[in-house]
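The following note is addressed to colleagues who have the coordinates at hand. It sets out numbered points for consideration.

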Amino acid sequence: MEQTPRKMMADPMLAEMGKNLNEAMKILENGEKEAELDPVIRRLSWRDIPGPLQGDGQDVFSVLQLVQNLIHDDDDKPSHRRTQYVGEQAHMALLGHSLAAYVSVLDRERLRKLTTRILSDTTLWLCRIFRYENGSAYYHEDDREGLLKVCRLVINTRYEDYSTEGFAVLSSKQPVIYQSAACRPGLGQNLCSQLGLPLSSLCTVPCNTMFGSQHQIDVALLDKLIKDDVDTGKLPLLLIANAGTPGAGHTDKLGRLKELCVQNNMWLHVEGVNLATLALGHVSSTVTAATKSDSMTLTPGPWLGLPAVPAVTLYRHEDPALTLAAGLTSSLPAEKLRALPLWLSLQYLGHDGIVERIKKTSELSKKLLEHLKTLGSIKTSDVLEAEVSLLEALSMAVVSHPRVSLLSGGSLRDVLGSLILSIVEDELNSPVVVFRFSQDTSTSSSHGSVEGYSGGEKEVLDALNRWLGEQLAQHVPASGVDVVELEDEGTCVRFNPLMTAAVLGTQEADINAVVEKLTELVPLLSCTLRFKQDFREEVYQHPALTYIEDLNWPGLGVIRYQLRSEYTDDSKRQQDLEKVNVELLKKLKEMDTDFSFSSGPEFSPEKNCIYVGIATDDLDVGALVETIASVGREIEESGKLLENMTEVVRKGIQEAELQLLKANEEKLMEEGVLRQIPLVGSVLNWFSPSQSSIKGRTFNLAAGSLDSTEETYTMKAQSGKTDPPDTPTSTTKRLPGQKLFRRSTTGSEVCSEVGSVGQPEELLREATPLPSPQEVVSHVTQELAEKPGPFESTEVPESQESDEEGSIR
């Protein structure tokens, strides 16, 4: 009963606005579904070309249709792109932008009351949700803008005459801004540029190198740097710390950093994805220390799946005049209304809905981490950190205590490893999961070896992990996994659900799909890494093949077929080399195999190469390399044979032309001139048939000579039978359904049949047939057709026809 009066009292403009927004979203979402169903790219039309504004206005549907076409015009791969999940809470955020434009036209007094209520409510809710007591809020579109305004506030606070003297007061004591080496790239440079400070005012502090995360700021080194700056007359101004580094999601020791900032009268600013966990009931002590910082930046948009909502910087400061001078507060209605979309969305979700969303993303991370720890060749972030710290601890222990070598190496490693792993696990309580494929050398295999393969091992593993991350992102796009480059660990795969789960709508089924795909791909990576050395050694045994060292290629390797012939012209050699390798790549792609062969990356420095892809466990490396060499050799020989046969046929045709001229002259001498006249010759031949003594000729392609056809007709007359059919080519000897280059496990006889000795010969019969005589004659005839010859002016006798074998008689 109470809802009816409320509906009647609602502003018709607000109702119409909400209705129009829902209709607009439906039109755009329907266009997105049509783009996913139609994979064909819409061709560029004249409507896509910018032109003058039309004189007559268009209706809303036409304008939205144009927007839909512009959005989905270049979706060539709709199944692989990541589309933001737009739910009802996202509609509320979008409605907030429309309402902000609507309420901006209200009178000044009503607008002031409305904006004050929106700002106070949103600030109060955020401070309570994220445990930041007595804080103020600044809402900004760029997530770096809040830190910029905070820096201006600190400068105004520490330099009393800054408001009157300006940058001249900074020359007496140069301000210094400290940041971790694990901060966002370009953050400090952007601050100096916006503030007008020299880059010497930015101090980048290295991360820890012992006993802890490799992505945490080194507190002891920071203390030393601050003391050195104070001694040289500089003024420590601000420290930027991380509660979730952009790369690995690690949190700095915020408690110790806060104590250090208090001692040196510095401002502590914290940012990072782990700040979202402050809304949960159980929070790690390292993240809880962020609530004692002077300011921190939150990004609730990606955390909660809210599009186009502003970032928020919470800060504590008592002087409103300085906050106004720094730009943290404003009297402009447009800036105050930035919080309206967030105000609507927070009310729609409620406190329980916000906590539930953040909790769900944390559970997705825990579930993935549990599955990853069961995979032998996958190292998670805590194991990677423990291994690095363990190696450094062992080296320090050996240096400090030379007698440590007398102890059992395994027991010392186990003790230190368990200790450091427990420390790292306590510090790495982060919803960001970082993992990396690493070859498990303890796994034994009867085929392949990793021994001796040490050069560039890190680069090879980085390439394999890069390929792994790309495959996971392609096959499970809703998971939101991506590839990240870390300084110590190298290339890793990252799962950051707080930034992607709400946007992409990630579910538990997507995590299971990632684990299932990992279970499928990890054995392939292990086999590839195991067979790399064997593949290289096999290639070195073939003089016609060259192994190209490319550590960034995630596959068996890169090879090039080298021509065996001697060339005097380098340009001719390069042309033939390109032709042979292109044809070889084409033949390899046509084979029935699980392997992928390609010409490599688009901007690869190596040309005319064949890139061999990921290997399988039952790969026969010898058969693979032997087949590649044999097919390349056959392609090269067929090219040479075509050139040689072309020359032979050219000479034979020239000789045949001379024979035809001579035969025509002899015919003219025997029959006379009268028989050459068409009408008279027919009458004479009817009364007195002519018996010509001129015999036919046949051109032997093998010998390159002209022979008489008398012997051919004699043999056919004696046999009286047609030529026997050609013997069918024997099929490749492999089991039904078995791919090429695979070892058979059914017995030694089958293994010998599909071995590397006899298999390439069978492949060559199917893959590279020799040119037929008809093809050679056609090729040469096309070359000679451009210049006139005796065939154009000489009539060929009836006996000199082409027989069934394509010979010239």
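1. The salt bridges in this predicted model come to a count of 20. Side chains of opposite charge can pair when their charged atoms come close. Individual cases are taken up in the points that follow.

2. In helix H6 (residues 145-158), Glu145 and Lys149 lie four residues apart, so about one helical turn separates them. Their side chains form a salt bridge, with an N to O distance of 3.5 Å. The two partners fall into separate accessibility classes. Glu145 has a relative accessibility of 22% and is therefore partly exposed, whereas Lys149, at 11%, counts as buried. The cut-off that places Lys149 in the buried class is under 20% relative accessible area.

3. A salt bridge is also present between Lys224 and Asp228, with 3.2 Å from N to O. These residues belong to helix H9 (residues 219-231); because they are four residues apart, the separation is about one helical turn. Asp228 is partly exposed, its relative accessibility being 33%.

4. Arg494 and Asp482 form a salt bridge in which the closest N and O atoms are 2.8 Å apart. This pair links distant parts of the chain, 12 residues apart: Asp482 belongs to strand S10 (residues 482-486) and Arg494 to strand S11 (residues 490-495). Arg494 is buried, with a relative accessible area of 13%, while Asp482 is partly exposed at 26%.

5. Which residues are linked with Arg184 in a network of salt bridges? They are Asp143 and Glu271.

6. Strand S4 (residues 235-242) deserves separate attention. It is mostly covered, with eight of its eight residues buried. S4 pairs in the parallel sense with strand S2 (residues 175-180) over five bridges, and in this pairing Leu238 of S4 stands opposite Ile177. S4 is also joined by five bridges to strand S5 (residues 267-271), again with the strands running parallel. Here Ile240 has His269 of S5 as its bridge partner.

7. What is the handedness of the β-α-β unit made by S4, helix H10 (residues 254-263) and S5? The unit is right-handed. Its two strands, S4 and S5, are the parallel pair joined by five bridges.

8. Helix H15 (residues 340-372) should be inspected along its length. Although H15 has 33 residues, its end C-alpha atoms are only 41 Å apart, which falls short of the 48 Å that a straight helix would reach at 1.5 Å a residue. H15 also contains a kink of about 90 degrees, centred on Gly350.

9. An open sheet of four strands has antiparallel pairing and the order S12-S13-S15-S14. Strand S12 (545-548) and strand S14 (597-598) stand at its edges; each has a single partner strand, so one side of each is left without a neighbour in the sheet. Within the sheet, strand S13 (residues 557-561) pairs with strand S15 (residues 610-612) in the antiparallel sense over three bridges. In that pairing, Ile559 has Ile610 of S15 as its bridge partner.

How values were computed
Residues are numbered from 1 along each chain as its sequence is written. This is a predicted model: local features need pLDDT of at least 70, side-chain atom pairs count only at pLDDT 80 or more; totals for chains, interfaces and linings use all residues. Side-chain values use heavy atoms; hydrogens and water are left out. The expected span of a helix is 1.5 Å times one less than its number of residues. The bend at a residue is the angle between axes fitted to the seven residues ending there and the seven starting there. Buried means under 20% relative accessible area, exposed over 50%, partly exposed in between (1.4 Å probe, protein chains only). Two strands pair if DSSP finds at least two bridges between them. A crossover is right-handed if, with the strands pointing away from the viewer, the path from the first strand over the helix to the second runs clockwise. A salt bridge is a side-chain nitrogen of Lys or Arg within 4 Å of a carboxyl oxygen of Asp or Glu.
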